[in-house]
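Colleague: Could you take a close look at one part of this chain for me, the largest nonpolar core, and set it in the context of the whole fold?

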Amino acid sequence: MENNSLMLLQLVLWFGISLLIGLWAQKRGRSFGLWAGLALIISPLLSGLILICLKNLKYLAGKKACPRCAELVKQDALVCRFCGYEFQAQQGLHETQSKELPQSNVH
Ligand SMILES: [Zn+2]
C-alpha cells in the first residue's frame with residue numbers, strides 16, 4: 001500500500017510543519033496555539049506566508065522610534081545609530097527586563 005504510506009507521510013509533514021509554524025509564531029511574539037491551529041486547519045504554507053507578512057511583534061517591542069529621524073532603534077540605545085540623536089537617560093529603567101522564556105519544551 002504505497003498510497004497509504006504516502007498519505008501518512010503527508011499527514012506527518014502537515015502536522016510537523018504546523019507545529020513549526022506555531023513555534024515560529026511564538027518566536028515572533030504571537031500565539032503558538034492560534035498559529036499551529038491555523039496551520040493545521042488552513043494550510044501550513046499559507047499560514048506561514050501570512051506570518052511572514054505580519055510584523056514581528058517582538059522585533060517592534062524591543063525598539064523605539066527616534067524622534068528626529070523616525071527610524072527604529074533598540075530600546076536600550078542612548079544614541080540613534082541613524083542620525084546620532086542622543087536619547088535622554090530613562091529614569092526608573094535601570095533594571096533591564098530579562099524575561100527570557102525557557103524554550104525547553106521541545107526535545
Ligand atoms: Zn535618529
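Modeller: The protein chain has 4 helices and 2 strands, taken as DSSP runs numbered from the N terminus, with H or I over at least four residues for helices and E over at least two for strands. From the N terminus on, the order is α-α-α-α-β-β. Keep in mind that this is a predicted model, where local features need pLDDT of at least 70, side-chain atom pairs count only at pLDDT 80 or more, and totals for chains, interfaces and linings use all residues. Residues are numbered from 1 along each chain as its sequence is written.

Of the 107 residues, 10% count as buried, meaning 20 or more other C-beta atoms lie within 10 Å of the residue's own; exposed is 12 or fewer, partly exposed is in between, and C-beta atoms are placed from the backbone.

Now your core. The largest nonpolar one holds 6 residues: I21, A25, W35, A36, L38 and A39. Such a core is a set of buried Ala, Val, Leu, Ile, Met, Phe, Trp, Tyr and Cys residues joined through C-beta atoms within 7 Å. Two elements, α1 (2–27) and α2 (32–41), each give two or more residues to this core, and α2 supplies the largest share, 4 residues.

W35 is worth zooming in on. Leaving out residues up to four places away in sequence, W35 touches I21, G22, A25, R30, S47 and L51, a contact being two C-beta atoms, placed from the backbone, within 7 Å. Across the protein chain, 22% of the contacts with a separation of 6 or more join residues 24 or more positions apart.
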